[in-house]
Amino acid sequence: EPDHKMVARLQRWLAPLGRVALWSETNGELPTSGALIVDKVGFLAELYVKASVVLVGGSYDARVHNVWEPAVYSKPILTGPYIKNSAEALALKGKGLLQVCDDSAAVARELTTLLADPARYRAIARGMQVYLDEQRGISRRYAEKLLSL
């Protein structure tokens, strides 16, 4: 949950990128530059469509949140170091489709690199699409395997 302490920490981490806007202060308009911190709940799905890069929460304290949501929009994903609770995050990291950033400097470096290198950005987006296509139907296959035991 985006509590005041976490939002303040994110603002400090993202400061090297320039302007850092809060979702609650944008009236639903996305900033044209800088970073956006979503400081309210219930808006992520609509924001993933518009995002360039997604920093998934929870991964700096204990447990990464859902990485599938931004993945389905083929967005490059950044996380903190705590991703062992998520098989999906580990799989995406293993494929080079998710970048673990240990601190704010690493987040700033990775964001700068991704946004300055369109070829790398497109490669990650394509890789994400291929990976997700490979996962299509996995629930059905898993259920069939369980039923055959």
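This short presentation covers the largest pocket, the largest nonpolar core, and several individual residues of one predicted model.

Good morning, colleagues. I begin with the open space in this predicted model. The largest pocket holds about 1400 Å³ of space. Its lining comprises 45 residues, and those nearest the centre are L36, I37, V38, V54 and L55. As to the chemistry of that lining, 27 residues are nonpolar, 10 are polar and eight are charged.

Which elements supply at least two residues each to the lining of this pocket? They are helix 1, spanning 4-14, strand 2 at 35-37, helix 2 at 44-50, strand 3 at 54-55 and helix 5 at 104-116. Helix 1 gives the most, with seven residues.

Let me now take L55, one of the residues nearest the centre of the pocket. L55 belongs to strand 3. Its relative accessible area is 30%, so L55 is classed as partly exposed. Setting aside neighbours within four places in sequence, L55 is in contact with L10, Y60, L78, T79 and V107. L55 and L98 are 43 residues apart in sequence, and their C-alpha atoms are 9.8 Å apart in space.

A second residue to consider is L47, in helix 2. Is L47 buried or exposed? With a relative accessible area of 8%, L47 is buried, because the cut-off for that class is under 20%. Beyond residues up to four places away in sequence, L47 touches W23, L30, L36 and V38. Of these contacts, L36 and V38 have already appeared among the residues nearest the pocket centre. By contrast with the L55 and L98 pair, I mention L47 and A89, which are 42 residues apart along the chain and have their C-alpha atoms separated by 20 Å.

I turn next to the interior. In soluble globular proteins, nonpolar side chains tend to be buried together. In this model, the largest nonpolar core has 33 residues, and V67, I77, L78, L92, L98, V107 and M128 touch the most other members. At least two residues of this core come from each of helix 1, strand 2, strand 4 (77-79), helix 4 (87-94), helix 5 and helix 6 (118-135). Helix 1 again deserves mention, as it gives the most to this core, with five residues.

Within the core, L78 merits a closer look. Not counting residues up to four places away in sequence, L78 touches V53, V54, L55, V56, Q99, C101, V107, E110, L111 and L114. V107 is also in contact with L55.

The aromatic residues come next. A pair of aromatic rings is described by the distance of the centres and the angle of the planes. How many aromatic pairs does the structure hold? There are two. In one of them, the rings of W68 and Y131 have centres 6.0 Å apart and planes at 10°, so this pair is stacked. The pair links distant parts of the chain, since W68 lies in helix 3 (residues 68-71) and Y131 in helix 6, 63 residues apart. The two partners fall into separate accessibility classes: W68, at 25%, is partly exposed, while Y131, at 8%, is buried.

My final point concerns the backbone. Most residues other than glycine have a negative phi. S74 has a positive phi of about 55°, although it is not a glycine. S74 is placed in the loop between helix 3 and strand 4, and with a relative accessible area of 10% it is buried.

Thank you for your attention.

Definitions and conventions
Residues numbered from 1 in each chain as written. Predicted model: local features only at pLDDT ≥ 70, side-chain atom pairs only at ≥ 80, totals over all residues. Heavy atoms only, no water. 1 Å grid on protein atoms, 1.4 Å probe; cavity = no way out; pocket = protein on both sides within 12 Å on 5 of 7 lines; lining within 4 Å. Points joined across faces, edges and corners; volume = space filled by probe spheres on them. Helix = DSSP H or I, 4+ residues; strand = E, 2+ residues; numbered from the N terminus. Nonpolar A, V, L, I, M, F, W, Y, C, P; charged D, E, K, R; others polar. Core = buried A, V, L, I, M, F, W, Y, C linked by side-chain atoms within 4.5 Å. Buried < 20%, exposed > 50% of the residue type's maximum accessible area, 1.4 Å probe, protein only. Contact = heavy atoms within 4.5 Å. Phe/Tyr/Trp six-rings, centres within 6.5 Å; stacked < 30°, edge-to-face > 60°.
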